[in-house]
Structure formats: C-alpha cells, structure tokens
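Here are a few short exercises to work through with the model open in front of you. Try each one yourself before reading the solution.

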Amino acid sequence: CDLVFPQYAERGVILTISALSTTTIQLIAAEDVGKFAAAAFANPMKFNRLEIELAAEWLTFPQIAQQINSITGKNVRSEVVAQGGALSAGVPPYLIESEVWWNEVGYSAADVDTAKSYGIPLISFIDWVQMHKNEIISSLP
C-alpha cells in the first residue's frame, strides 16, 4: 500500500487524489486470474481465441474503505484531494494521472456478468479482505 497510497500507513487513509467519490474501479483478485488461466489450460477448446476482460465487481473508493473497515475494525477512509494538492502531499505522479483518467475515461471493458458466466467463482472484495485480514491489519497504523 505504501507504494500506491503513501499516506495509508501514516494516516490510515486511502488517498484518492482526484478520483471522485462516485468513480468506480474494477476489482479482480489475483487468484481469480489464476483460476481463469488454469481453466484455459484444462479446457483449451472452450477458451480458444477468447479475450476475457476480468472484474469481480466495481466499487468506489468509499465502498472499498468501508469494506476494509467492516472486516478489520480499523479506520480506513477515502479522501478526495485536488490534483495539485496530491502532488505536494507526495503522491506519485503516475497515480495522480491514473486517477484523473479514472474520472475522465474510466474502465469500460470488463463486464462482471460476462466474467461470471464462465462458471468460475470470483472472489468479491469483501471476501478478499477477509482472506487477507491479518496482512491488512499489520499494514495499518
């Protein structure tokens, strides 16, 4: 978290820079990517020549923070900061650029229902947080 959200450990904040509180991002667990890769090797004809955009769900930063709070009991919150203020607060420029992009363009490729239609169970963010609860708690102040 320190690489992407340097204020996270220091202040218990997910600093969203310019990402609006209503901006949604696609989430997928690394384990889910692995499940799809294994399924493609196990059944190559079913997945032959397919390009599958993966997302288990779309969440806003406030929803992400709330779900982390509900599982860990820690105070993680989402905070919107102006683009210029984020840079002076030490937020990496690549992150600022990506969050400006999330607001202006955003992801549109992944369709959660399509990803689920392959019959491969996807991990929700809240379940992922539960699975990684101890790691998350140890990273918080």
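**Exercise 1.** Find which residues Thr-60 touches, leaving out those up to four places away in sequence, and decide whether Thr-60 is buried or exposed.

*Solution.* Keep in mind that you're looking at a predicted model. Start by locating Thr-60: it sits in strand E3, residues 57-60. Next, list its contacts: Ser-21, Thr-22, Thr-23 and Thr-24. Now check the accessible area. The cut-off for buried is under 20%, and Thr-60 has a relative accessible area of 11%, so Thr-60 is buried.

**Exercise 2.** Work out how the buried residues of H4 are placed around its axis.

*Solution.* First, get to know the helix: H4 runs over residues 61-72, 12 residues in total. From first C-alpha to last it reaches 16 Å, close to the 16 Å expected at 1.5 Å a residue. Then pick out the buried residues: Phe-61, Ile-64, Ala-65, Gln-67, Ile-68, Ile-71 and Thr-72. They cover an arc of only 165° around the axis, which puts them on the same side of H4. A bit of background helps here: an α-helix has 3.6 residues a turn, so residues three or four places apart point the same way. Finally, step just past H4, and you'll meet Gly-73 with a positive phi of about 75°.

**Exercise 3.** Which residues make the nonpolar surface patch of about 300 Å²?

*Solution.* The patch is made by Trp-101, Val-105 and Tyr-107. Take Trp-101: its place is in helix H6, residues 93-104. With 35% relative accessibility, Trp-101 counts as partly exposed.

Note on methods: Residues numbered from 1 in each chain as written. Predicted model: local features only at pLDDT ≥ 70, side-chain atom pairs only at ≥ 80, totals over all residues. Heavy atoms only, no water. Helix = DSSP H or I, 4+ residues; strand = E, 2+ residues; numbered from the N terminus. Expected span 1.5 Å × (residues − 1). Buried < 20%, exposed > 50% of the residue type's maximum accessible area, 1.4 Å probe, protein only. Arc of directions from axis to C-beta. Contact = heavy atoms within 4.5 Å. Patch = residues over 30% accessible without salt bridge, like charges linked within 9 Å, V, L, I, M, F, W, Y side chains within 5 Å. Areas by Shrake-Rupley, 256 points an atom, 1.4 Å probe, with all protein chains shown as cover. Salt bridge = Lys/Arg side-chain N within 4 Å of Asp/Glu carboxyl O.
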